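Reader: Before I rely on the labels attached to a model, I would like to see how each one follows from its value. Could you take me through some of them?

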Amino acid sequence: MLKTFCLVGAVFTAVGLSAQIKLGATAGGNFNKPVYVMPGDSIMNPGDISSFGGHGGLYTYVNLDAKNLTYGVQSELLVSSRSHGTSTRDSISNHPDIIFQLESFAWQQMIYLDLPVHFRYNYVMQRGRFGDANMVSLIAGPQVSFAVGRAYEVEHTNSIILHDQATVLREKSNEATFKYKPLEVGISAGVQMELQVGFRAGFRFYRSFMNLADHDDLKIFNQMMMLYVGYNFATIKKRRR
C-alpha cells in the first residue's frame with residue numbers, strides 16, 4: 001500500500017512540474033428526482049416526488065497537457081442540498097359502511113459535503129497569449145458525498161369514513177420514519193464551457209449507485225441534474241527547470 005501511494009505521488013509530482021493549476025469558486029442549482037425500488041407488496045408509494053436545491057463551493061483544475069490544453073483533472077469541494085420523500089397509505093375495512101384509512105407523508109431535507117473528481121477533455125476553440133483559452137469540455141468521474149445535516153417533516157393522517165362521512169385527524173412530527181446512510185457514492189458526467197476571462201458554466205447529471213435508505217423494504221438512489229456557473233480567480237503555472 002505504501003509503495004502504491006509513493007508511486008501515485010511521484011507521478012503527480014512529475015506531472016505537476018509542467019502543469020497549469022486553476023483555482024475557482026462555483027455555485028448553481030440542483031434538480032433532484034430520486035429513484036425508489038421496493039417490493040411489490042410494500043404499502044410505501046414514493047409517487048412523483050422531486051425537489052430543487054442548490055450547491056456551492058471551490059474547485060481546482062490541473063491541466064495535464066501544457067502544450068495543447070487538451071485534458072486534465074478537475075476536483076471540487078461542494079456543499080449541496082437535496083431532498084427525499086415517501087408516502088404510505090393503507091385501508092382497513094371490517095364493515096361495508098366503515099373504512100379506516102391510514103396515510104403518512106415523510107419528507108427529508110439533506111445537506112451533503114460533495115467531493116467529485118472529474119477527468120476533463122477539452123476542445124479548444126480559441127487560445128490566448130497567456131495559456132488561457134475559450135474551450136468546451138466533457139467531464140466525467142466519481143463523486144463521494146457525506147451527509148452533514150438533515151431535517152425531517154412527517155405528517156400522519158387518519159381518516160374514519162362512516163356512511164360516506166369522513167372524520168380526519170392530522171398530526172405532524174419531526175421524527176424520521178427510517179434512517180438514511182451518511183455516505184453516498186456515485187458518478188457524474190456533463191459538459192462545461194470556459195472563457196479566457198475566467199468565467200465558466202456547465203451542466204452535469206449525477207447518479208448514485210449506493211442504497212441511501214437504511215431500511216429493509218426500500219432502496220433509494222439519488223439522481224440529479226446540476227446547472228452551475230463559476231469563476232477562476234487564480235492560475236498557477238509551473239514549468240520544467
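Author: Helices and strands here are DSSP runs, with at least four residues for a helix and at least two for a strand. On that footing the protein chain, in what is a predicted model, has one helix and 14 strands.

Reader: Why is T26 called buried?

Author: Buried means under 20% relative accessible area, and T26 has 6% relative accessibility, so T26 counts as buried. The residue lies in strand 1, which covers residues 20–32. For the protein chain as a whole, 35% of the 241 residues count as buried.

Reader: What makes the approach of the T26 side chain to the backbone oxygen of V229 a polar contact?

Author: A polar contact needs a pair of N or O atoms within 3.5 Å, one able to donate a hydrogen and the other to accept it, and the side chain of T26 reaches the backbone oxygen of V229 at 3.0 Å. Apart from neighbours within four places in sequence, T26 is also in contact with several other residues, among them Y59, R200 and Y228.

Reader: How do you know that R200 lies over the face of Y59?

Author: For an arginine, CZ must be within 6 Å of the ring centre and within 35 degrees of the ring normal; R200 is at 3.6 Å from the ring centre of Y59 and is placed over its face. In a further case, the charged end of R82 sits over the ring of Y112, 3.9 Å from its centre.

Reader: Why is the pair of Y71 and F119 called stacked, and what makes the pair of F31 and F52 tilted?

Author: By the pairing rule the count comes to three aromatic pairs. F31 and F52 are 5.0 Å centre to centre with 55° between the planes, and because planes under 30 degrees apart count as stacked and those over 60 as edge-to-face, with the rest tilted, this pair is tilted. The two rings are 21 residues apart, F31 in strand 1 and F52 in strand 4. The planes of Y71 and F119 are at 20°, with the centres 6.5 Å apart, so that pair is stacked. Y71 lies in strand 5 and F119 in strand 6, so the pair ties together parts 48 residues apart in sequence.

Reader: Why is F52 called exposed, whereas F31 is called partly exposed?

Author: Exposed means over 50% relative accessible area, and partly exposed lies between that and the 20% limit for buried. F52 has 69%, so F52 is exposed, while F31, at 25%, counts as partly exposed.

Technical notes. Residues are numbered from 1 along each chain as its sequence is written. This is a predicted model: local features need pLDDT of at least 70, side-chain atom pairs count only at pLDDT 80 or more; totals for chains, interfaces and linings use all residues. Side-chain values use heavy atoms; hydrogens and water are left out. Buried means under 20% relative accessible area, exposed over 50%, partly exposed in between (1.4 Å probe, protein chains only). Contact means heavy atoms within 4.5 Å. Rings of Phe, Tyr and Trp (its six-membered ring) pair if their centres lie within 6.5 Å; planes under 30 degrees apart count as stacked, over 60 as edge-to-face and the rest as tilted.
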